[in-house]
Amino acid sequence: MKHAKSAFLKFLFCTVVIATWILPQPAEAQAVTELEEGHVVILVTGEYEDFDRDALLSEVNRIRKEAKDEGLVDRYVPLVWSNGLEETARTRAAELTVVPGHIRPRGGRNPYMTASNGLRNSAESLAFNERGIFRGVEQFYAEKDAFLATDLHAAHVESSDQMIGHYRVLIDPVYQRVGAASFYSPDSGVYQVAFAFSSAPAERKMTLPAFPHAVPVEIDASRVTALALSAEGIDAQERDVVIRVTGAVTRTDLFADEGRTTMTAPIVNGLSWEVLPTSAGSLAPHGEEMILTFSERGPVTVRAQIGGVEGAVALEATPSEPSTPAEPKPQPEGTGTRIDGPRREHVAAEVARRYFGDADTVLVVNDMAFGDAISASNLSGGASPILYTKKDALPEASREVLRELAPQRVVVLGGPSSVSRPVVDDIARTAPAARVERISGADRYAVNAKTLASTAGYVAVSGTVFSDALVAAPYAASMDAQVALTTPFAVPEVLAARLSTVPASVVIVGGPASVPESVARRLGTLTGVAPSRVTGRDRYALSAAVAARFSEKAPAILVSGETFADALVAAPLAQRLHAPILLTRAHRLSEEVAEALSNRQVIILGGPASVGEDVAAALQ
């Protein structure tokens with residue numbers, strides 16, 4: 001109880017108190033144009049809030065006008081929206097996933113940045129909350145009373161216990177331009193809000209790109225504590241292989257008792273590489289990946305290293321001549337049925353509507369929380385559908401199907417930082433006959449542990465590799481087992497505690513790059529039996545290897561192996577149909593998957609952007 005209370009008080013404090021730093025104008029402005037030695041670039045996963053900029057600017061200027069009318073400032077200067085400062089704020093909002101403060105994760109107490117159009121910020125204000133950017137403005141404005149009670153002429157006013165800096169910056173007429181961004185990261189569990197201000201009266205025009213879901217963030221390499229490498233063939237001759245690296249990254253955590261937690265993230269720049277033997281092949285960067293091209297047959301080891309941390313993957317080089325495509329096999333009638341929708345929540349709703357009309361229980365997860373969705377499959381077992389929600393809004397498509405199904409029970413997976421209390425209340429109003437429950441925990445692994453009720457066995461997968469977890473879900477159900485999530489570097493304590501008290505056999509789905517041998521050995525120690533493993537040369541071959549364990553008469557579910565949004569709702573459907581899940585690239589079906597799909601009825605989940613029309617046509 002003491003620990004829970006401490007965590008709650010820390011959370012309450014950090015969602016109300018916001019760090020601010022009013023910056024002196026530097027003598028020289030210099031943008032970072034290349035990666036510094038000892039730094040790496042990681043991809044931080046999350047979602048930017050798509051807010052109404054005009055409405056936000058109107059609210060900020062209302063506060064500034066009020067300050068002038070009340071004599072708190074000598075003039076009213078309405079702020080002008082700046083795309084350059086929004087670019088800066090976007091970068092800072094994503095960086096806050098690693099370091100939630102004014103020390104940037106690349107090192108140095110200097111959050112000054114120069115935007116692509118040359119505009120440099122003069123001040124920044126940060127906020128952390130569960131509602132987003134407009135809540136950030138409310139937090140800044142809440143300092144007004146303390147500002148009114150503060151003697152602004154007193155020495156060391158900035159060292160006062162009263163926090164007034166955010167409101168002070170917000171109303172200061174010296175600032176003429178503003179940009180802001182809000183980024184929700186599953187790793188932090190909150191919206192990270194950044195405002196950037198400038199005294200510049202004008203700026204060069206620039207156009208901002210669309211919001212990405214994976215944001216490159218430069219960090220000091222000392223934050224990387226472990227590396228895991230994976231390899232995936234990308235051509236028919238298996239001559240070129242994509243090498244990807246995932247790192248364990250230490251992040252500052254406002255809500256953890258120790259103040260530090262570990263996140264896993266792809267590392268896309270800053271590593272040193274080695275191919276052994278050197279004559280076996282060559283590596284070349286290609287965007288955010290490394291491409292290994294084999295020069296000769298035989299075993300090959302690829303190593304990546306930064307500082308004293310190293311990771312490696314062993315391969316067998318077997319380049320071959322292009323083969324003549326086999327004649328297509330006859331497919332049963334109905335192959336290539338597609339379930340589509342304009343957005344991920346529509347696909348989920350349509351699956352629920354078509355296949356789960358008799359469901360007594362409905363499972364609801366945040367559409368960015370793939371770990372919770374996989375854990376939901378443990379509760380489903382093919383009897384309950386998964387519906388998607390946003391953190392702070394229940395999509396209309398999900399609302400409609402909830403009304404249609406009229407379930408007796410709704411289970412929400414994830415805490416308030418994933419699915420807010422107002423959304424849970426909205427669900428209760430939408431399905432008034434249902435008993436609404438929540439399963440939450442400190443992270444995806446804690447949530448997963450609470451869904452493990454089976455003693456028949458477990459299928460262990462990486463909690464950071466959605467593709468492995470997805471194909472494992474129906475396979476686990478076929479054995480009356482359940483999916484247990486591991487980290488890329490250890491067995492989570494919550495899972496270890498369960499396996500110690502309720503031991504059962506374990507099958508690992510995924511190669512050593514996803515679930516390392518050290519984790520496999522630990523699972524064996526906990527259960528008393530060494531786990532078996534199902535693997536493949538890449539995620540597509542792995543899905544085919546798992547499918548081979550299903551009846552040849554069973555249908556198959558085909559989903560994207562590149563994006564998880566449409567794919568995750570496939571797990572309950574596959575469980576219900578006793579069908580395997582197979583993965584494809586958007587516009588190319590691998591030979592292994594094509595073979596696994598032959599003579600099966602196929603249901604495609606997702607639109608042409610996820611599973612292309614050319615792939616669908618190849619199934620006919």
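Here is a friendly back-and-forth on how some labels in this predicted model are earned.

User: What should I keep in mind about numbering and confidence before we start?

Analyst: Residues are numbered from 1 along each chain as its sequence is written, and in this predicted model local features need pLDDT of at least 70, side-chain atom pairs count only at pLDDT 80 or more, and totals for chains, interfaces and linings use all residues. Side-chain values use heavy atoms, with hydrogens and water left out.

User: Thanks! How many helices and strands are there, and what makes a stretch count as one?

Analyst: The protein has 18 helices and 28 strands. They are DSSP runs, with at least four residues of H or I for a helix and at least two of E for a strand, numbered from the N terminus.

User: Why is Glu 345 called buried, and what is Arg 343 called?

Analyst: Buried means under 20% relative accessible area, exposed means over 50%, and partly exposed is in between (1.4 Å probe, protein chains only). Glu 345 has 6%, so it is buried. Arg 343 has 43%, so partly exposed is the right label. Across the protein, buried residues make up 54% of the 620 residues.

User: How do you know that Glu 345 and Arg 343 form a salt bridge?

Analyst: The rule asks for a side-chain nitrogen of Lys or Arg within 4 Å of a carboxyl oxygen of Asp or Glu. Their N to O distance is 3.1 Å, which meets it. The structure holds 38 salt bridges.

User: Which strands does the salt bridge between Arg 303 and Glu 274 connect?

Analyst: The two side chains meet at 3.8 Å, N to O. Arg 303 lies in strand β15 (residues 298-306) and Glu 274 in strand β12 (residues 272-276), so the pair ties together parts that are 29 residues apart in sequence. Arg 303, at 31%, is partly exposed, and Glu 274, at 36%, is partly exposed too.

User: What makes Glu 49 a buried charge without a salt bridge?

Analyst: Glu 49 is buried, and the nearest side chain of opposite charge, Arg 131, is 9.0 Å away. For charges, Lys and Arg count as positive and Asp and Glu as negative, while His and the chain ends are not counted. The side chain of Glu 49 does reach the backbone nitrogen of Ile 133 at 2.8 Å. Glu 49 itself sits in the loop between β3 (47-48) and α2 (53-69).

User: Why does the link between Glu 592 and Arg 537 count as a polar contact?

Analyst: A polar contact is a pair of N or O atoms within 3.5 Å; within protein, one must be able to donate a hydrogen and the other to accept it, and residues adjacent in sequence count only if both atoms are side-chain atoms. These two side chains make theirs at 2.8 Å. Glu 592 belongs to helix α17 (residues 591-597) and is partly exposed, with a relative accessible area of 25%.

User: How do you know that β18 pairs with β20?

Analyst: Two strands pair if DSSP finds at least two bridges between them. β18 and β20 (residues 409-413) have 5 bridges and run in the parallel sense, which satisfies that rule. Thr 361 stands opposite Arg 409 in β20. β18 is also joined to β19 (residues 386-389) by 4 bridges, again parallel, and Leu 363 stands opposite Ile 386 there.

User: What makes β18 mostly covered?

Analyst: In β18 (residues 361-366), 6 of its 6 residues are buried. One side carries Thr 361, Leu 363 and Val 365, and the other Val 362, Val 364 and Asn 366. In a regular strand, side chains alternate between the two faces of the sheet.
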